[in-house]
Amino acid sequence: MGKRLHRWLCVVLVVLCAPAAAQLRLLTEDAPPMSFMRESEPSGFSVEVVRALLARTGDSGRIELMPWTRALHLAQQDEDIALFSTVRTPEREDRFHWVGPIVVGTTSFYSLKSHHLVIDTLQQAAASGPLALPKQWYTFEILSAKGFDNLYGVPSSKHMMTLLKHGRVKLIATEDLTLAGELAAVELKPQDVTAHVPFMHSAYYIAFSPQTSVVRVVRWQRALQQMHEDGSLEAILRRWLPHATMPPMEP
């Protein structure tokens, strides 16, 4: 126990005494209310959390919105790149260093209410015909691993919602946190869809590229823990997602 405590004390001292690091590239996508552009500036829940963490750590960084597929690729290539908000899954575990969680949500299947579709089990969802999902989403990975052979890979959430709106697919899968924003992109509302079978509780993280210094990652996790303890994370969450559950605090 003494050796473990000594090791962690050394890590904390390194974090506190480390010299200024290179500027971060902080990549995210258009996914309101988590992240989006407002008056030519990135905004949203996760953007506000990241800005607060930049201020607390003293790091400098540039927040960029881009398609998720490109951001995911870049975040695995070079050091000092962070991708947010990223759902942490077993398939992604070794691809990144993780800071979080910053929020948790629930993933379910959705259909147009006008179709009167009944989906009560994963087996029914797998047999429902083409199920549209962005290819790089964690849901595509998870359902593929569960043996779903009806997945219809698309490039973006807007493409997914467009297919649903026009009846090209009967079913999609997405997060309760981002559902309203994704529907609004194709002029639909939450009351236009029916939720079926919640199949995953997802924790959203800031995912740092594997080449990024562990000192930086520990510094960010420590700053996030401070936001938990002083209530500032919950204050941001209530402004953007008043009904969301506070995420657990990780060491």
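Ile 172 has a relative accessibility of 0% and therefore counts as buried, the cut-off for that class being under 20% relative accessible area. In this predicted model, Ile 172 belongs to strand S9, which runs over residues 171-175. Leaving aside residues up to four places away in sequence, the contacts of Ile 172 take in Ser 108, Phe 109 and Tyr 110, then Leu 131 and Ala 132, and finally Met 160, Met 161 and Leu 164. A further point of reference is Ala 195, which is separated from Ile 172 by 23 residues in sequence and by 9.9 Å in space, taken from C-alpha to C-alpha.

A second buried position can be followed in strand S1 (residues 24-28), where Thr 28 is found. Thr 28 also has 0% relative accessibility, and so it counts as buried. With residues up to four places away in sequence again left out, Thr 28 touches Ser 35, the run Ile 63, Glu 64, Leu 65 and Met 66, and the pair Phe 84 and Ser 85.

From these strands the reader can turn to a helix, H9, which covers residues 232-240 and in which Leu 233, Ile 236 and Leu 237 are buried. Viewed down the axis of H9, these buried residues fall within an arc of 100 degrees, which means that they line one face of the helix. The elements that cover the buried residues of H9 include helix H2 (45-57), strand S6 (97-112) and helix H8 (214-230).

These local pictures sit within a chain that has nine helices and ten strands. Buried residues make up 48% of the 251 residues in the chain. Among contacts with a separation of 6 or more, 73% are accounted for by residues that stand 24 or more positions apart.

The overall dimensions can be set against a simple expectation: for 251 residues, a compact globule would have a radius of gyration near 18 Å, and the 19 Å of the chain agrees with this. The C-alpha trace spans about 60 × 45 × 35 Å along its principal axes.

What remains is the surface and the charge. The accessible surface of the chain comes to about 12,300 Å², and carbon and sulfur atoms contribute 55% of that surface. The chain carries 25 positive and 25 negative side chains, and the centres of the two sets lie 1 Å apart.

Technical notes
Residues numbered from 1 in each chain as written. Predicted model: local features only at pLDDT ≥ 70, side-chain atom pairs only at ≥ 80, totals over all residues. Heavy atoms only, no water. Helix = DSSP H or I, 4+ residues; strand = E, 2+ residues; numbered from the N terminus. Rg over C-alpha atoms; globule rule 2.2 N^0.38 Å. Buried < 20%, exposed > 50% of the residue type's maximum accessible area, 1.4 Å probe, protein only. Contact = heavy atoms within 4.5 Å. Areas by Shrake-Rupley, 256 points an atom, 1.4 Å probe, with all protein chains shown as cover. Lys, Arg positive; Asp, Glu negative; His and termini not counted. Charge placed at Lys NZ, Arg CZ, Asp CG, Glu CD. Arc of directions from axis to C-beta.
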